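Visitor: Could you take me on a close look at one part of this structure, its largest pocket, and show me what lies around it?

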Amino acid sequence: MKTRLEDITFLLLVRLDSIERLENLKSTVKTLLRHFVTNIYILESDTYDKKILRAMLSKKVKYRFIVDSDPILFKTSYFNIMLKDVSTKFVSIVDSDIAIDPIVIINAVEKLRSNEIDVVYPYNGQCFNVSEGLKALYFIRKNINVLYDNICKMELLYKYNLVGGIFLANTQKMIQSGKENEMYYGWGNEDFDRFWRFIIKNLRIYRSANCLFHLCHPRFENSNYRSKKQSDISNKEISNKISEFKVSTWK
């Protein structure tokens, strides 16, 4: 029996730069549809509409395509565009390359519904990279326990604790915190920027105890800094947020 999560909208942004991206997105969306009665909003942006994703998606998914000849995917700008269309009390930004534990999602929404929590990160900061072999097994079994049972065979995506991949929030609280910071153009520290702003704005944050899984894919220009200039801007912006946090704690 599906769990009713009609008071939340899951936002996914995608540019299909590889078949692996398409497979990962398909798995993530099917997991949401298999377990929940909810709202899923996907925005695809590329030089032209290949109509592949449009044809594959369930009619239950809201889909939008925006023509964009820029090779860099302006993630923060696109998520702000999507946020304008969200009418539910809660919202979740979801990476198309993660494996979602349905139980953890249910618990996260319940935390938000309690009105005692504003933002939920449904994992502890550790994100394990799922290899091609394990990913194939996960796609076949369609069960997150496949990944939990084989965690010893995986490596962390990054050695430090993360705040990206997925989070759930009160929609108005997120908008009031400044939405997405469009100073970040392309791949960068936008996830950390968002996290620090939540703290500076005194939003009540909850983190789950479990880990997160990242479904592997080739890494092209939208999975790395496009230039040293972009890296410098990103690092400066996040440094400013940390400085703001320090000032706010002194008051």
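Guide: With pleasure; here is a walk from the pocket to the helix and sheet beside the lining, with a stop at a cavity. Please keep in mind that this is a predicted model.

Let's begin with the pocket itself. The largest pocket has a volume of about 770 Å³, and 40 residues line it. Nearest its centre lie K75, D95, W187, E190 and D191. By class, its lining is made up of 20 nonpolar, 9 polar and 11 charged residues.

Which elements supply this lining? At least two residues each come from β1 (3–14), α3 (75–83), β4 (90–94), β9 (166–170), α8 (190–200) and β11 (212–215). The largest share belongs to α8, which gives 4 residues.

Now for α3, one of those contributors. This helix is mostly covered, with 7 of its 9 residues buried. The buried ones are T76, S77, Y78, F79, N80, M82 and L83. Their cover includes the strands β1, β2 (36–46), β3 (61–67) and β4, together with the helices α7 (171–176) and α8.

Next comes the sheet. It is open, has 7 strands with mixed pairing, and follows the order β3-β2-β1-β4-β9-β6-β10. At its edges stand β3 and β10 (205–207); each has a single partner strand, so one side of each lacks a neighbour in the sheet. Ignoring direction, neighbouring strands are turned by 20° against each other on average. Against this sheet packs α3, touching β1, β2, β3 and β4, and its direction makes about 145° with that of β1.

Within the sheet, the pair formed by β1 and β2 deserves a pause. These two strands run parallel and are joined by 9 bridges. If you would like a spot to zoom in on, find T9, which stands opposite N39 in β2.

Finally, let's stop at an enclosed space. The structure holds 1 cavity of 30 Å³ or more, and about 90 Å³ of space lies in the largest cavity. Its lining has 14 residues, of which A99, I100, D101, P122 and L212 lie nearest the centre. Two or more lining residues are given by each of β5 (98–99), α4 (102–113) and β11. The strand β11 also supplies at least two residues to the lining of the largest pocket. In the cavity lining, 12 residues are nonpolar, 1 is polar and 1 is charged.

How values were computed
Residues are numbered from 1 along each chain as its sequence is written. This is a predicted model: local features need pLDDT of at least 70, side-chain atom pairs count only at pLDDT 80 or more; totals for chains, interfaces and linings use all residues. Side-chain values use heavy atoms; hydrogens and water are left out. On a 1 Å grid over the protein atoms alone, a cavity is a set of points where a 1.4 Å probe fits but cannot get out, and a pocket is an open set with protein on both sides within 12 Å along at least five of seven lines; lining residues have an atom within 4 Å of a point. Grid points are joined across faces, edges and corners, and a volume is the space filled by probe spheres set on the points. Ala, Val, Leu, Ile, Met, Phe, Trp, Tyr, Cys and Pro count as nonpolar, Asp, Glu, Lys and Arg as charged, and the others, Gly among them, as polar. Buried means under 20% relative accessible area, exposed over 50%, partly exposed in between (1.4 Å probe, protein chains only). Contact means heavy atoms within 4.5 Å. Two strands pair if DSSP finds at least two bridges between them. Axes are lines fitted to C-alpha atoms, for helices over the stretch in contact, and angles run from 0 to 180 degrees between N-to-C directions.
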